[in-house]
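Trainee: Please walk me through the ligand site and the empty spaces in this model. Start with the terms I need.

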Amino acid sequence: MASPRGEFSSRFGFIMAAAGSAVGLGNIWGFPTQAASNGGAAFLLVYLFLAFSLAYPVLMAELIIGRHAHANAVGALRLVSPNPVLRRVGAATGVTGLIVASFILSFYAIVAGWMLAYCLAALTDLVGLTAASLWLTEFSLGRNLAFMLLFMALTVGIISEGVQQGIERWSSRLMPLLLVSLVLLVIYVLTLEGAMEGLQVYLLPDFERALAPGLIVKALGAAFFSLSLGVGTMLIYGSYISDEENLPLLGGLVTLVDICIAVLAGFLVLPAMYVALHSGVEIFTASGALISEDTLIFTVLPRLFDSMGLVGVVVSLAFFFLMTIAALTSSISMLEAPVAYTIEEHGLERKPAALMIGLVIAMISTAILLNFEALFGLVIAVTTRYGQPLLGFMFCLYAGWVWHRDTLLQELRKGNAGAEHGLFWKIWPSYVRFVCPCIIVLIFAQSLLS
Ligand code: TRP
């Protein structure tokens, strides 16, 4: 029989853990660079709109189902289904989610490994080990493998410790650290020459670009990725919330923190690019567009840091440390989804479950690294562009159509006795029923056609 379930010990702990899951490379890396090349503040507005109108309702669907069932995605979707066919489809959706989560972790760990390597490179720079720094910052199979494995080991280590001792403890430590280092970096970069130009690019809206059809799909994908939706990670975190908590409020806070950090990261990344331009680093491609995301982080910024001398080394250390923390609080949530499933449905102990699944995912990452050109982009596209929105669609159907409305209301009333009179109950149920599924399908169809 499985061991008793964990639970977050406090509201703060949950918010840190869920915000930790949400805030990751997607926010600090993906969002600012996409905003930069897609209409600046206009992209920001589209993104904000999608985050609150589409991603938040889906997040709520996951949190509510999770807390009601106090179980992993597979068990939870089974529980809310009234008949055998729906139970089976629900379980299949849950399992698909776990598989998608594992594949997302397999590429995420590779990228996070690079962050870790760059972080270490700043340290070796500091003590003058030039050859080591070179190895750490050059793309090679050996380095990629070593740091992917190191990062996976950290993730497995935290997850083996369980909900309170692992996830909650580490998220509550790392998230405040993340916020402080981010704010300090923003302040510092804004004082440098060229920063204001970057700020302008970020904040002046260009609606023509932001409303281009392909872009809305991208922004939706970004919003889903950023809130960790569709694969059962938020559902499992929801299942560890105590029954006394007011769920719509908690979900709203998590969405808010996630968006604020993405916006804040924009104040760092874009000004930094223009500071780099000022010190002679090329930031535009031949066609005049801002250069793409990975080149930005792993070429432009390091060159900028190099040009800053000793200060640059410290800033570089802080920046890649920040990225590593952001990635770690996210990767643990990805691993927790399949781990909780094997514990609850197959009766494994937590430690061996975490180790075994971590190993399988590391093997997938290794396969990706061995066929990098062919697989890396493919895995990202399939999991995030198609997998997540489609699974999000299924969660909406289960929350909106399959699950009985009365039980849903009862669940909401646990943490808020007057829930039926609140705004959330007036809007959300019909919203996840009609609006969210329709919009997801529309955007999806459009992306398939274009
Ligand atoms: N939201 C995280 C980010 O912005 C990534 C993440 C964590 C994630 N858990 C997830 C993405 C589950 C998809 C599914 O980087």
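Mentor: On a 1 Å grid over the protein atoms alone, a cavity is a set of points where a 1.4 Å probe fits but cannot get out. A molecule sits in a cavity if more than half of its atoms lie within 2 Å of its grid points. This is a predicted model, where local features need pLDDT of at least 70, side-chain atom pairs need 80 or more, and totals for chains, interfaces and linings use all residues. Residues are numbered from 1 along each chain, and side-chain values use heavy atoms, without hydrogens or water.

Trainee: In which cavity does the ligand sit?

Mentor: The search of the whole structure gives four cavities of 30 Å³ or more. The ligand's place among them is the largest cavity.

Trainee: What is the volume of the largest cavity?

Mentor: Volume here is the space filled by probe spheres set on the grid points, joined across faces, edges and corners. For the largest cavity, that comes to about 130 Å³.

Trainee: Which residues come nearest to the ligand?

Mentor: Near means a heavy atom within 4 Å. The ligand has 17 residues around it. Those that come nearest are Ala22, Gly26, Tyr108, Phe225 and Ser226.

Trainee: How much of the accessible area of the ligand does the protein cover?

Mentor: Start with polar contacts, pairs of N or O atoms within 3.5 Å. A backbone N or O atom of Leu25 is 3.1 Å from a ligand oxygen, while polar backbone atoms of Phe225 and Ser226 lie 2.8 Å and 3.0 Å from a ligand nitrogen. On its own the ligand has 360 Å² of accessible area (Shrake-Rupley, 1.4 Å probe). The protein's share of cover is 100%.

Trainee: How many charged residues are in the shell around the ligand?

Mentor: Helices are DSSP runs (H or I, at least four residues), numbered from the N terminus. Helix 1 (11-22), helix 2 (25-37), helix 5 (84-126), helix 11 (213-226) and helix 15 (309-346) each supply at least two shell residues. By class (Asp, Glu, Lys and Arg charged; Ala, Val, Leu, Ile, Met, Phe, Trp, Tyr, Cys and Pro nonpolar; the others, Gly among them, polar), the shell has seven nonpolar and ten polar residues. The charged count is no residues.

Trainee: Which helix gives the most to the lining of the largest cavity?

Mentor: Lining residues have an atom within 4 Å of a grid point. There are 16, with Ser21, Ile104, Phe225, Ser228 and Met334 nearest the centre. Helices 1, 2, 5, 11 and 15 give two or more each. Three residues come from the top contributor, helix 15.

Trainee: How many nonpolar residues line the second largest cavity?

Mentor: This cavity holds about 80 Å³. Its lining includes Leu185, Val269, Met308 and Phe319. No polar and no charged residues are in it, and the nonpolar count is twelve.

Trainee: Which helix gives the most to the lining of the second largest pocket?

Mentor: A pocket is an open set with protein on both sides within 12 Å along at least five of seven lines. This one has 18 lining residues, with Tyr118, Asp125, Thr137, Pro302 and Asp306 nearest its centre. Three of the lining residues are charged. The most, six residues, come from helix 14.

Notes: A polar contact is a pair of N or O atoms within 3.5 Å; within protein, one must be able to donate a hydrogen and the other to accept it, and residues adjacent in sequence count only if both atoms are side-chain atoms.
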